Amino acid sequence: MVVARGDLQQLLDALTAQGYQVLGPRVRDGAIQYDELSSLADLPIGWTDRQDGGFYRLEKRDDEALFGYVVGPSSWKRFLHPPTVTLWRSRRTEEGFELVESPQDPPKYAFFGVRPCELHAISIQDRVFLQGPYVDPIYRSRRAGIFVVAVNCGQAGGTCFCTSMGTGPRARKGFDLALTELLGPERHEFVVEVGSPAGAEILAQVAHRPATPEDRARVAEIEAETSRQMGRQMETAGLKELLYTNLEHPRWEEVASRCLTCANCTMVCPTCFCTTVEDVTDLTGQEAERRRLWDSCFTMEFSYMHGGSVRSSARSRYRQWMTHKLATWQDQFDVIGCVGCGRCITWCPVGIDITQEVAAIRGEPVT
Ligand code: SF4
Ligand code: SF4
């Protein structure tokens, strides 16, 4: 089906009318972030992003594209696996403490503008939180019933490598509706693919026409053009074995000499899932709460055991992160933990590039 630019607002309105809180990309603090959308005018219309190792800039495009950029520092993980969650709260009583509040029901989310690599990241977190022996009830309650409007990428970012990871640039599954933006001097339309009965129900409320063979051919061309533009690539054949047999490779020392162990890469990564728990009391000692917070394998505390941290060097922490992401993850969850979104490269303050680190361990020349 094809929806005209002028009719796309009806899609947002239909989602809102069905009780969804619609979240999507917006310009915030000089970057594309995900936040609440009340109208298509909230989207970063006419903006694009320039990305490289440790580099991110928003720039104006010379058209009015709604989705003419790729991914920014925030991901949908923020809503499904929030950075801070109160697990319980209690108040002092005559007898001791009583629980005062149970967790609130999460909103019914519609994610508007989910990129193909991000669909894969959500499916990876589904494996971690829902499909293993221990189901996370917080993730389950937030994930249940979300409506996903995917957007196929019409251009690749400077740090993207989804084609290497088999996660993009076109969405194949995991969405209710998927849009491809068709832009030209005389046209601004969206080819819409339906991925679920819920998607068909919503699309029925939006003015549309059937897609022609030319429309479908243009979608295929956009996919091919975007694939050719990938800013990075990573060879994945034999990756697990490569890393398992190179635990003492000198490259770990070299990357550690640059790594600040700041943990940015794990915070922006849409698949990293580690957390810690802390107990907090108020100043009067009357109330206490237990919080779950995102944590990172780059901190010393993360591997603290009685007597000290197991991974006390930057070398061991970077190796842990990359080896888990690309190798151990496969043993745990039967999938690589990286979707090639490039965030860890863009948002690393010193521009450390996971694709280059893999290449170096393979013995290939690096730039
Ligand atoms: S690789 Fe970069 S982002 Fe990650 S911890 Fe090291 S310096 Fe920070
Ligand atoms: S490791 Fe880097 S490129 Fe891979 S999913 Fe995480 S942030 Fe994206």
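Here are a few questions and answers about this predicted model.

Q: Is Met-1 buried, partly exposed or exposed?
A: Met-1 sits in the segment before β1 (2-4). A residue needs 20 or more C-beta neighbours within 10 Å to be buried, and 12 or fewer to be exposed. With 17 inside 10 Å, Met-1 therefore counts as partly exposed.

Q: Which residues does Met-1 touch, leaving aside those up to four places away in sequence?
A: Gln-229 is 27 Å from Met-1, C-alpha to C-alpha, and 228 residues away in sequence. The contacts of Met-1 are Val-192, Leu-203, His-208, Arg-209, Pro-210 and Ala-211.

Q: How many of the 14 residues of α3 are buried?
A: Helix α3 covers residues 116-129 and reaches 20 Å from its first C-alpha to its last, close to the 20 Å expected. Its buried residues include Pro-116, Cys-117, Leu-119 and Phe-129. Among the elements covering them are β8 (109-114), α4 (137-143) and α11 (314-333). The helix is largely enclosed by the rest of the structure, because the number buried is 11.

Q: How many charged residues are in the shell around ligand 1?
A: The residues around ligand 1 include Cys-259, Cys-262, Cys-265 and Cys-348, along with Thr-261 and Asn-264. The shell divides into 10 nonpolar and 2 polar residues, and the charged ones number no residues at all: none.

Q: Which residues come nearest to ligand 2?
A: The shell around ligand 2 holds 8 nonpolar, 3 polar and 2 charged residues. Of the 13 residues there, the nearest are Cys-269, Cys-338, Cys-341, Arg-343 and Cys-344.

Notes:
Residues are numbered from 1 along each chain as its sequence is written. Chains are lettered from A and ligands numbered from 1 in the order in which they are written. This is a predicted model: local features need pLDDT of at least 70, side-chain atom pairs count only at pLDDT 80 or more; totals for chains, interfaces and linings use all residues. A residue is near a molecule or strand if its C-beta atom, placed from the backbone, lies within 6 Å of it. Ala, Val, Leu, Ile, Met, Phe, Trp, Tyr, Cys and Pro count as nonpolar, Asp, Glu, Lys and Arg as charged, and the others, Gly among them, as polar. Helices (H or I, at least four residues) and strands (E, at least two) are DSSP runs, numbered from the N terminus. The expected span of a helix is 1.5 Å times one less than its number of residues. Two residues are in contact if their C-beta atoms, placed from the backbone, lie within 7 Å.
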